[in-house]
Amino acid sequence: MRTAAALARHELRLLVSLLRWLARRPDNDGDGDGKGGGRAFGYAQGQGAVMAGFWFVCAVETFAMAVLLRDWPTAHRVVLVLDLYTLLFVAGLYAAWTVRPHLLHDDVLRVRQAAHVDLRVPLDRIAAVRRETRTTHERADGELNLPVGSRTTVTLQLTAPIAHFTLLGRRRDVTLIRLHADDDRALADAVTRARSGSSVRPDRPR
């Protein structure tokens, strides 16, 4: 039951992200938690063509299956629903990458990836931040890797573990986070300044 609830919440976030993407309203407002807007750092640059290609392949497959199963109406309806859901899922996934950027507040960095990761990292827990491009990531205890296009560009070393909960609710304590940012230099510099006590101004709403 808990797994089903977690998956339902994920699907809802994808749908909300798709609506935000269509309305051109990125989720930079702190999710209504009173923190206000944060400075946004995107991570989906260059992924649009890849996702568009994947969506097109799914669309062709949907049409092909509709033709092949036209003489079996029950099977046709079932497969059509699954194929349309897949198209919606792919669009929602890309939308979530686009409208749910990393957010830097005065005291916390929200590390996000699509609709399934939203990890609040207190700035006073960050021991070091460095630009580091990696294309291979082996699973290890205490490490969280969030690649985009198989690549991470920023590494956060923490002074103490923080709890990360997976999509299905399993807890992992992490002390090192690797993530991707389109402008890794800007993110690393901004986090460094914020850690040293410099003020971080949120982006002005457009």
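Among the contacts in this predicted model that join residues at least 6 apart in sequence, 66% link residues at least 24 apart. The chain that makes these contacts contains four helices and eight strands, and when it is read along the sequence these elements follow the pattern α-β-α-α-β-β-β-β-β-β-β-α.

The overall extent of the chain can be described by its C-alpha atoms, which fill a box of roughly 70 × 40 × 35 Å when it is taken along the principal axes. Of the 206 residues in the chain, 36% are buried. The table below collects some values for the chain as a whole.

| Property of the chain | Value |
|---|---|
| Exposed area | about 12100 Å² |
| Share of the exposed area from carbon and sulfur atoms | 57% |
| Positive side chains | 30 side chains |
| Negative side chains | 22 side chains |
| Distance between the centres of the two charge sets | 2 Å |

One part of the surface deserves a separate description. A nonpolar patch is formed there by Leu12, Leu15, Val16, Leu19, Trp21 and Leu22, which together have about 580 Å² of accessible area. One of these residues, Leu12, lies in helix H1, an element that covers residues 2–23. Is Leu12 buried or exposed, and at what relative accessibility? Leu12 counts as exposed because its relative accessibility is 52%, and the cut-off for that class is over 50%. Leu12 is thus a member of the nonpolar surface patch as well as a residue of helix H1.

Notes
Residues are numbered from 1 along each chain as its sequence is written. This is a predicted model: local features need pLDDT of at least 70, side-chain atom pairs count only at pLDDT 80 or more; totals for chains, interfaces and linings use all residues. Side-chain values use heavy atoms; hydrogens and water are left out. Patches are made of residues with over 30% relative accessible area and no salt bridge: like charges are joined within 9 Å, nonpolar side chains (Val, Leu, Ile, Met, Phe, Trp, Tyr) within 5 Å. Accessible areas come from the Shrake-Rupley method with a 1.4 Å probe; for residues, only the protein chains shown count as cover. A salt bridge is a side-chain nitrogen of Lys or Arg within 4 Å of a carboxyl oxygen of Asp or Glu. Helices (H or I, at least four residues) and strands (E, at least two) are DSSP runs, numbered from the N terminus. Buried means under 20% relative accessible area, exposed over 50%, partly exposed in between (1.4 Å probe, protein chains only). Contact means heavy atoms within 4.5 Å. Lys and Arg count as positive and Asp and Glu as negative; His and the chain ends are not counted. The place of a charge is taken as NZ of Lys, CZ of Arg, CG of Asp or CD of Glu.
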